[in-house]
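Visitor: I'm new to this one, so could you show me around? I'd like to ask a few things as we go.

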Amino acid sequence: MTYSAAVDLRQPETPGTDGGDQAVVCFPFIGDLVGGSHMSSLGLIRNLPKSRFVPLVVLHHTDGPVAELFRREGIDFVAAPVLNRLERAAPRNGAALVNVMRTLPALVPFLRANKASIVHTNDGRTHLIWGLAARVAGSKHLWHHRGDATSFGLRRVAPWLPNRLVAVSKFASPRPGLFSAAGKCSVVHSPFDVRKMDGFERVEARNNVLAAIGCSPDTKLLGYVGTLVDRKRPILFVEAVAALKRLSPETKVAGLFFGNALNGLDDAARSRAEALGIADCIHFMGFRYPGEPWIAGLDALLVTAVNEPLGRTLVEAMLLATPVIAADSGGNPEVVEDGKTGMLVRADDPDEFAKACLALFSNAALRDHIVETARQEVRARFSFERHVQAITSVYEELMGVTGIRRSASAGP
């Protein structure tokens, strides 16, 4: 389906505010790469109160990995009326604006035809492509920020483009200033199916991981879960495994990468492992879905990432009773309290990660305390119910119906 009509710049009345029972919320995705934003959005879409909101999921790539994920999870979607014209690293010059403007004649009529009250974008490219279209079409735009506070879009585009901004952590939130989106930003943590995490038998999961890599039961299993990108420090993960072998030669250890690689970082990690003499200890497992059975089988999750807004796998591991050792960086300290719900170590220091692993392995009481405390705290903080309530409150504020709903539910 294509649209060739010229863009009508007149602003119609915002759909969904005329007393109707349901408002259409458009969720656009590029669809060429699966990430944490898709997992979080999937949970939100599935758990929206359908009596009030109707999700309209739109994919630019209907045969990509996101389409495969959504089909598997029973999430309906439609094809975008125009191909994606922005690369993953969109240029910060006029070319990006030109590409965005080229999409307007297709996206604006699409939003109007579908009576989209709100456009909820979840990554940098959809913020740009769909944000301007939403404003022209008369829809409200919610920018869901999952990057760090130094990103170009957050600093230069978010102050004027979206109606509201939601950040996944305080670290990811815009800094106050003369030209800043801080005044329209709320912190809403990503959602997790906390009940789903109760059904995993860790002993069985661990045995399955051992069988998959052909290691003996006394092998300690360390995991890196996520896309192999520089910010997540996959090379540091290899160096941490090597440091553990150096500090405790008698300890059998396996380092497992769960995730796809970008920019050849899997090859770089292999080369580093060979140079350190631990190539036989490193295993590249690729992207595994669902990831919970694999995370549950680990003896520890190593979150080596720096400036990470708020990693999903960190919370998933805590829910699955897998101890977390994380870099003291980015949004990690907002979830991990050192010695209580996990262990925080100096960023970019492989020896510190290795020492934390050995402390956990040698102190069962410490490990049990950490995993039980972590599980209780994240169950309370990261449930779908909390996330959906927070996001739908933002939706209602955008549509100007919060006061109406509150007064209607307040009773006599």
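Here is a short round of questions and answers about this model.

Visitor: Before we start, how many helices and strands does the protein have?
Guide: Keep in mind that this is a predicted model. The protein is 412 residues in length, and 52% of them count as buried. As for its elements, there are 14 helices and 13 strands.

Visitor: In what order do the strands of the open sheet of seven run?
Guide: Start from the edges: β3 (78-79) and β7 each pair on one side only. Next to the β7 edge, β6 runs parallel to β7, and three bridges join them. Within that pair, L165 stands opposite C185 in β7. The pairing in the sheet is parallel, and the full order is β3-β2-β1-β4-β5-β6-β7.

Visitor: Which helix gives the most to the largest nonpolar core?
Guide: That core has 45 residues, and those touching the most other members are L221, L256, L314, V315, M318, V324 and V335. Nonpolar side chains in soluble globular proteins do tend to be buried together. Five residues of the core come from one helix, the top contributor: α10 (residues 312-319).

Visitor: And how many residues are in the second, separate core?
Guide: Its members include A243, A273, V345 and F353. The count for this second core is 31 residues.

Visitor: Is L178 buried or exposed?
Guide: L178 sits in the loop between β6 (164-167) and β7 (185-187). Together with W160 and F179, it forms a nonpolar patch on the surface, with about 440 Å² of accessible area. The cut-off for exposed is over 50% relative accessible area. L178 has 93% relative accessibility, so it counts as exposed.

Visitor: What about H127, buried or exposed?
Guide: You'll find H127 in helix α4 (residues 124-137). Setting aside neighbours within four places in sequence, its contacts are T121, N122, L132, H141, W143, H144 and L161. A residue counts as buried under 20% relative accessible area. H127 has a value of 3%, so it is buried.

Visitor: Last one: what share of the protein's exposed area do carbon and sulfur atoms supply?
Guide: The protein exposes about 17,900 Å². Of that area, carbon and sulfur atoms supply 51%.

Conventions. Residues numbered from 1 in each chain as written. Predicted model: local features only at pLDDT ≥ 70, side-chain atom pairs only at ≥ 80, totals over all residues. Heavy atoms only, no water. Core = buried A, V, L, I, M, F, W, Y, C linked by side-chain atoms within 4.5 Å. Buried < 20%, exposed > 50% of the residue type's maximum accessible area, 1.4 Å probe, protein only. Helix = DSSP H or I, 4+ residues; strand = E, 2+ residues; numbered from the N terminus. Patch = residues over 30% accessible without salt bridge, like charges linked within 9 Å, V, L, I, M, F, W, Y side chains within 5 Å. Areas by Shrake-Rupley, 256 points an atom, 1.4 Å probe, with all protein chains shown as cover. Salt bridge = Lys/Arg side-chain N within 4 Å of Asp/Glu carboxyl O. Pairing = 2+ DSSP bridges. Contact = heavy atoms within 4.5 Å.
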